[in-house]
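Visitor: I'd like a close look at a single part of this protein, one helix and whatever surrounds it. Could you walk me through it slowly, and then show me how it sits in the rest of the chain?

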Amino acid sequence: MSERVILLIIPGLREDDLARMPELQRLAADAAPLAHSFPGLSAVVQTSMTTGLLPRDHGVVSHGAFDRDCSLWSPKTTTVQTPAERVWTTIRAYIPEFRCKLIGLEPIAADHQRSSVDWFQQCPTDVSQTTVDVVEEAVSALRLGNHLLIARLLHLDGAGHVYGPESDEFAAMQAKLNEEIGELFRKVTRWATQMNQPEPLWIVATEYVIHPVNQCVQPNRVLQQLGWLTNTFDEHFSGEEAVLGGHGNLAWATGEYQCAHVFLADCPESPPAEGVALAFQDVDGVAEVLQEKGKQRRDLNHPNSGDLVLIAEPNATFDCSVGLVGDLPRGTHGSPAEQSEMRGVILASEPGVLFGSSAMADFDVAGIVLRQFGI
Ligand SMILES: [Zn+2]
């Protein structure tokens, strides 16, 4: 068991990429395919990794949250109540001196939105939102005595969305990421030698895989055409906080990339879920329409989910605005990790840490971390 664990979360990392990332390859003594939770979005997957739970249990089902009581949609996940315990809280209960540093995680995954003074005083974590100085932050966190370091390396996400995962721009970011991981590894090794400390255990986990896209679907335009969405203030559906019910709106969709949640107004005029499902089944670019049973099958049966959930085809992405779509992104993510090319990879710097498993899920990461601290 290592005394320190460094978990790097990397959006966009594929197993094949390792061949072009020698620094990353060097630290991997063990590797296995890794499937993300559905939907494959940062807030969702990171919460699965830090709690060991599926979205149906931790309740983070999208970026942003819809509050049914006041019909308010917020682009932030801050209104989601997820009492699920994070790994650092569990470890702290066993090891009182335990400390943890989180770098660049989504606030919901970092559980950084509880406002009670008590909680912050007891909290064993220090949180940084940086996505640029990760190496410096990480090394200084070790110097300050943190035992667990969780850092998200965002390099591939932007290039993956804008230029696509097969682009030169994506490859250039891959090279940069490889260099930074090498620099981090060397600095940590030097620190361990100087301080006469054992090498930390390194775990590297893909957040989600980015795949090419050539089609955009606008679920709210479908609802508008069917007469179920009449108030079309576009800003309401373009990532700003908004009251979506009322004003004659009977159904509306929120979400991004490859998962959209469709909510139905709680009034007698609302269309039946069955009718809405039928309407979306034939929409080009929609792969699946989930109702109650479907949500159960996809582990998304949580009250925070929409009455229906739409999954895009692998080559399609959702845009929940109702206006004209700008430039189509070249890459997207979110759909279930069913085919092997949609799965990422998990690496560990010591053999045996991944239980010799041939396939792992993002929520397994929590158990791997806990085990390293003897829990
Ligand atoms: Zn992304």
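Guide: What follows starts with the whole chain, settles on one helix, and then moves out to other helices and a few loops.

Keep in mind that this is a predicted model. The protein has 13 helices and 19 strands. Its radius of gyration is 21 Å, close to the 21 Å that the globule rule gives for 375 residues, so the protein is as compact as a globular protein of that length. Taken along the principal axes, the C-alpha atoms fill a box of roughly 70 × 50 × 35 Å. Buried residues account for 51% of the 375. As for how the chain comes together, take the contacts between residues at least 6 apart in sequence: 74% of them join residues at least 24 apart.

Now for the helix I'd pick, α8, which covers residues 155–162. Is α8 mostly covered or mostly open? Mostly covered: six of its eight residues are buried. Those are H155, L156, D157, A159, G160 and H161. What do they pack against? The partners are β1 (5–10), α9 (168–194) and β17 (331–332). After the helix comes G164, with a positive phi near 95 degrees.

The partner to dwell on is α9. Two packed helices are described by the angle between their axes and the distance between the axes. For α8 and α9 the angle is about 175 degrees, and the axes are 9 Å apart. Anything over 145 degrees counts as roughly antiparallel, and α8 and α9 are therefore roughly antiparallel to each other. On the α8 side of this contact you'll find H155, L156, A159 and G160, and on the α9 side E169, F170, M173, Q174, K176 and L177. Sorted by class, that contact has five nonpolar, three polar and two charged residues.

α9 also turns up around another helix, α7 (residues 134–143), whose buried residues are V134, V135, A138, A141 and L142. Looking down the axis of α7, you'd see those buried residues fall within an arc of 130 degrees, so they line one face of the helix. They pack against β5 (100–103), β7 (148–152) and α9. So far as the ending goes, α7 is followed by G145, with a positive phi near 95 degrees.

β1, from the α8 surroundings, and β7, from the α7 surroundings, come back at α13 (residues 364–372). Which residues of α13 are buried? D364, V365, A366, I368, V369 and Q372 are. Their cover includes β1, α2, α4 (87–94), β7, β8 (201–206) and β19 (360–361). Just after α13, G374 has a positive phi of about 80 degrees.

α2 takes us out to the loops. L54 lies in the loop between α2 and α3 (55–58). A residue counts as buried with 20 or more other C-beta atoms within 10 Å, and L54 has 20, so it is buried. Setting aside neighbours within four places in sequence, L54 is in contact with S37, S48, D299 and F363. For a sense of scale, the C-alpha atoms of L54 and D16 are separated by 27 Å, with the two positions 38 residues apart along the chain.

One of those contacts of L54, D299, has a quirk in its backbone. Most residues other than glycine have a negative phi, and most peptide bonds are trans. D299, though not a glycine, has a positive phi of about 55 degrees. D299 sits in the loop between α12 (292–297) and β15 (308–312). With 18 other C-beta atoms within 10 Å, D299 is partly exposed.

S71 is another such residue, with a positive phi near 60 degrees and no glycine to explain it. You'll find S71 in the loop between β3 (65–67) and β4 (72–74). S71 counts as partly exposed, with 17 C-beta neighbours inside 10 Å.

Last, a peptide bond to check: the one from F38 to P39 is cis, with omega near -5 degrees. P39 belongs to the loop between β2 (30–35) and α2 (42–51), and α2 is part of what covers the buried residues of α13.

Methods:
Residues are numbered from 1 along each chain as its sequence is written. This is a predicted model: local features need pLDDT of at least 70, side-chain atom pairs count only at pLDDT 80 or more; totals for chains, interfaces and linings use all residues. A residue is buried if 20 or more other C-beta atoms lie within 10 Å of its own, exposed if 12 or fewer, and partly exposed in between; C-beta atoms are placed from the backbone. Helices (H or I, at least four residues) and strands (E, at least two) are DSSP runs, numbered from the N terminus. Two residues are in contact if their C-beta atoms, placed from the backbone, lie within 7 Å. Axes are lines fitted to C-alpha atoms, for helices over the stretch in contact, and angles run from 0 to 180 degrees between N-to-C directions. Angles under 35 degrees count as roughly parallel, over 145 as roughly antiparallel, 65 to 115 as roughly perpendicular and the rest as oblique. Ala, Val, Leu, Ile, Met, Phe, Trp, Tyr, Cys and Pro count as nonpolar, Asp, Glu, Lys and Arg as charged, and the others, Gly among them, as polar. The arc is that of the directions from the helix axis to the C-beta atoms. The radius of gyration is taken over C-alpha atoms; the globule rule is 2.2 Å times the number of residues to the power 0.38.
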